[in-house]
Amino acid sequence: MRFARSVEPALRMALTAGHGFDRGLEATNDVLVYAWKHWDRISTLDNPAGYLFRVGQRKARRRRLVPDILSVSPVGRYPWFEPHLSGALKSLSSRQRQVVVLIEAYEWTFREVAEFLEMRPSSVQTHHRRAMERLRVRLGVNIHG
């Protein structure tokens, strides 16, 4: 199904950004199966990817797995990312985590995030700003000097 191949990467990124890798991946797979079963109805929607994202959000919230965001064990002596980043990301709301990960890790634009999450660009900017402030405080980053 061409639609599934085109929308899967964005759904996976957005759902794992908000709910952790395992939970997000399972929700992505679930919604793609759901889309296949209900394609007659879903294909008529104005934004089928946005609808599937919302369905995936509900499915991910129902899972009892603990989010495991960026919990990659460092192979060498020095980790490739800030070791406390995982805990700091977990302290954010699901929406803030999605916005920050999509923008900072996956390099989506504010407009792309707004369109996919069906939010106003100004709301995306607010979530991003607040999340980055919270991350800086949690990680002890001083950007002023």
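pLDDT is the predictor's confidence in each residue, on a scale from 0 to 100. I start there since this is a predicted model. The chain averages a pLDDT of 84. Of its residues, 84% score at least 70.

One stretch needs a warning. Over residues 65-79, pLDDT stays under 50. The model still has 26 contacts there beyond four places in sequence. Where pLDDT is low, the predicted coordinates should not be read in detail. I will leave that stretch alone.

Now the layout. The chain has 8 helices and 0 strands. From the N terminus on, the order is α-α-α-α-α-α-α-α. There are 145 residues, and 41% of them are buried. The accessible surface is about 9,100 Å². Carbon and sulfur atoms hold 51% of that surface. Look at contacts with a separation of 6 or more. Residues 24 or more positions apart account for 63% of them.

Next, the core. The largest nonpolar core has 40 residues. Which residues have the most contacts inside it? They are Leu-11, Leu-52, Leu-102, Val-113, Phe-116 and Leu-117. Seen by element, two or more residues come from each of α1 (2-19), α2 (21-37), α4 (48-62), α5 (85-90), α6 (94-105), α7 (110-117) and α8 (121-139). Helix α1 gives the most, with 9 residues.

Let me zoom in on α7. Val-113, Ala-114, Phe-116 and Leu-117 are buried in this helix. What covers the buried residues of α7? The cover includes α1, α4, α6 and α8. Take Phe-116 as a case. Leave out residues up to four places away in sequence. Phe-116 then touches Ala-10, Leu-11 and Ala-14, among others. Also on its list are Ala-49, Gly-50, Phe-53 and Trp-108. Leu-11 is one to remember, being both a Phe-116 partner and one of the residues with the most contacts inside the core.

On to charged pairs. The count comes to 3 salt bridges.

Start in α1. The side chains of Glu-8 and Arg-12 meet in a salt bridge, 2.7 Å from N to O. Why can these two side chains meet? Glu-8 and Arg-12 are 4 residues apart in helix α1, so about one helical turn separates them. The general rule is that an α-helix has 3.6 residues a turn, so residues three or four places apart point the same way. Glu-8 is partly exposed, with a relative accessible area of 21%. The cut-off for buried is under 20%, so Glu-8 at 21% does not count as buried. Arg-12 is partly exposed too, at 27%.

Helix α8 has a pair as well. Glu-133 and Arg-129 form a salt bridge, 3.6 Å from N to O. Both lie in α8, 4 residues apart, about one turn of the helix. Glu-133 is partly exposed, with a relative accessible area of 40%. Arg-129 counts as partly exposed at 42%.

The remaining pair is Glu-118 with Arg-54. Their closest N and O atoms are 2.1 Å apart. This pair links distant parts of the chain. Glu-118 sits in the loop between α7 and α8, Arg-54 in helix α4, and 64 residues separate them. Arg-54 is partly exposed, with a relative accessible area of 35%. Glu-118 is partly exposed at 40%.

Stay with Glu-118 for its backbone. This residue follows α7. What is its phi? Phi is near 55 degrees, a positive value in a residue other than glycine.

Glu-107 has a positive phi too, near 60 degrees. Glu-107 is in the loop between α6 and α7. Is Glu-107 buried or exposed? At 67% relative accessibility, it counts as exposed.

Last residue: Arg-97, in helix α6. Is this arginine buried or exposed? Arg-97 is buried, with a relative accessible area of 7%. A polar atom of its side chain lies 3.5 Å from the backbone oxygen of Ala-17.

To recap. The chain is 8 helices and 0 strands. The largest nonpolar core has 40 residues, with α1 giving the most. Glu-118 has a positive phi and a salt bridge to Arg-54. And residues 65-79 stay under a pLDDT of 50.

Notes. Residues numbered from 1 in each chain as written. Predicted model: local features only at pLDDT ≥ 70, side-chain atom pairs only at ≥ 80, totals over all residues. Heavy atoms only, no water. Buried < 20%, exposed > 50% of the residue type's maximum accessible area, 1.4 Å probe, protein only. Contact = heavy atoms within 4.5 Å. Areas by Shrake-Rupley, 256 points an atom, 1.4 Å probe, with all protein chains shown as cover. Core = buried A, V, L, I, M, F, W, Y, C linked by side-chain atoms within 4.5 Å. Salt bridge = Lys/Arg side-chain N within 4 Å of Asp/Glu carboxyl O. Polar contact = N/O pair within 3.5 Å; in protein donor to acceptor, adjacent residues only side chain to side chain.
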